Amino acid sequence: RAQSVVVVVSRSGILVHRNLAWGTGPLAQKLAENLRLEGGGRDVDFLLRKHGLLHAVSDDTAGEDGANDRGASSAVSQLLTPLAKQLGHEIHNVLGYLRSLASNVAFGGAFLYGAGVHVAGLERYLAQALNMTVRSMHPFAGLGTARRAVTPHAEEAAHYVLALGLGHRSVRWI
């Protein structure tokens, strides 16, 4: 909730790895402070999951039924968009650095893990900001673990992403 990791990989290994001081914690804090929510964390989590950045990425023209939802979505989105813009800017910096090293780099897409997958619209917001496909992922999906095996929740599983990725790639210096 306090940090993000950006890793750019190719079939042959890791090209860039950078830790960013960006997480969902400040998103939650901004909502709690500005909206003075009585339910605390429960209400903040609800707003992040239900509204998040949906208004920033939606061209929704729903009728009067959704007017309250649109109003809430708009308010939440207005509070969160500057913070999401910071993340987009930081990722652009990382990608720009890589492009400066190799001008013919083509990015195939991005994956979103951890607490960010629970922020409604963050995936679409980043896809628009980065002009590439962004997909929310669970690191243990598709690993062939038994159905009854205990696997971490999506947020907790984010801690294993780098290790799982390294386990699937050959890295020159190891």
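## The order of the elements

Starting at the N terminus, the elements of this protein follow the order β-β-α-α-α-α-β-α-β-α-α. That gives seven helices and four strands. What you see is a predicted model, so please read every value below as computed from that model.

Two overall figures help set the scene. Of the 174 residues in the protein, 32% are buried. Looking at contacts between residues at least 6 apart in sequence, 57% of them join residues at least 24 apart.

## Where helix α1 meets helix α2

A good place to begin is the pair formed by helix α1, residues 24–35, and helix α2, residues 41–50. In general, two packed helices are described by the angle between their axes and by the distance between those axes. Here the axes come within 10 Å and cross at roughly 115 degrees. Angles of 65 to 115 degrees count as roughly perpendicular, and α1 is therefore roughly perpendicular to α2. The crossing of α1 and α2 is right-handed.

Which residues make the contact? On the α1 side they are Leu27, Ala28, Leu31, Ala32 and Leu35, and on the α2 side they are Val44, Leu47 and Leu48. Sorted by class, the contact of α1 with α2 has eight nonpolar residues, with no polar and no charged ones.

Gln29 also lies in helix α1. Gln29 has 46% relative accessibility, which means that it counts as partly exposed. From Gln29 to Gly40 there are eleven residues in sequence, and their C-alpha atoms are 9.8 Å apart in space.

## One buried face on helix α2

Now look at α2 by itself. Val44, Leu47 and Leu48 are buried in this helix. Viewed down the axis of α2, the buried residues fall within an arc of 100 degrees, so they line one face of the helix. A general rule helps in picturing this: an α-helix has 3.6 residues a turn, so residues three or four places apart point the same way.

Val44, Leu47 and Leu48 also appear in the contact with α1. After α2 comes Gly52, which has a positive phi, near 40 degrees.

## Two residues of helix α4

Helix α4 covers residues 67–101, and Thr81 is one of its residues. Is Thr81 buried or exposed? Its relative accessibility is 19%, and the cut-off for buried is under 20%, so Thr81 counts as buried. Setting aside residues up to four places away in sequence, Thr81 touches Leu53, Ala56 and Tyr125. Thr81 and His55 are 26 residues apart along the chain, with 9.6 Å between their C-alpha atoms.

Ala72 is found in helix α4 too. With a relative accessible area of 27%, Ala72 is partly exposed. His55 comes up again here: Ala72 and His55 are 17 residues apart in sequence, and their C-alpha atoms are 9.1 Å apart in space.

## Helix α5 and the residue after it

In helix α5, residues 122–130, the buried residues are Leu122, Tyr125, Leu126 and Leu130. They cover an arc of only 115 degrees around the axis, so they sit on the same side of α5. Tyr125 may already be familiar, as one of the residues that Thr81 touches.

Just after α5 comes Asn131, with a positive phi of about 55 degrees. Most residues other than glycine have a negative phi. Asn131 has its positive value although it is not a glycine. Where does Asn131 lie? It is in the loop between α5 and β4, the strand of residues 134–136. With a relative accessible area of 70%, Asn131 is exposed.

## Phe111 in strand β3

The last stop is Phe111, which lies in strand β3, residues 110–112. A relative accessible area of 47% makes Phe111 partly exposed. Which residues does Phe111 contact, leaving aside neighbours within four places in sequence? They are Arg135 and Met137.

Ser136 is another residue to look for here. Phe111 and Ser136 are 25 residues apart in sequence, while their C-alpha atoms are 5.7 Å apart in space.

Technical notes: Residues numbered from 1 in each chain as written. Predicted model: local features only at pLDDT ≥ 70, side-chain atom pairs only at ≥ 80, totals over all residues. Heavy atoms only, no water. Axes fitted to C-alpha atoms, helices over the stretch in contact; angles between N-to-C directions. Helix = DSSP H or I, 4+ residues; strand = E, 2+ residues; numbered from the N terminus. Parallel < 35°, antiparallel > 145°, perpendicular 65-115°, else oblique. Left-handed = near helix turned anticlockwise from the far one by under 90°. Contact = heavy atoms within 4.5 Å. Nonpolar A, V, L, I, M, F, W, Y, C, P; charged D, E, K, R; others polar. Buried < 20%, exposed > 50% of the residue type's maximum accessible area, 1.4 Å probe, protein only. Arc of directions from axis to C-beta.
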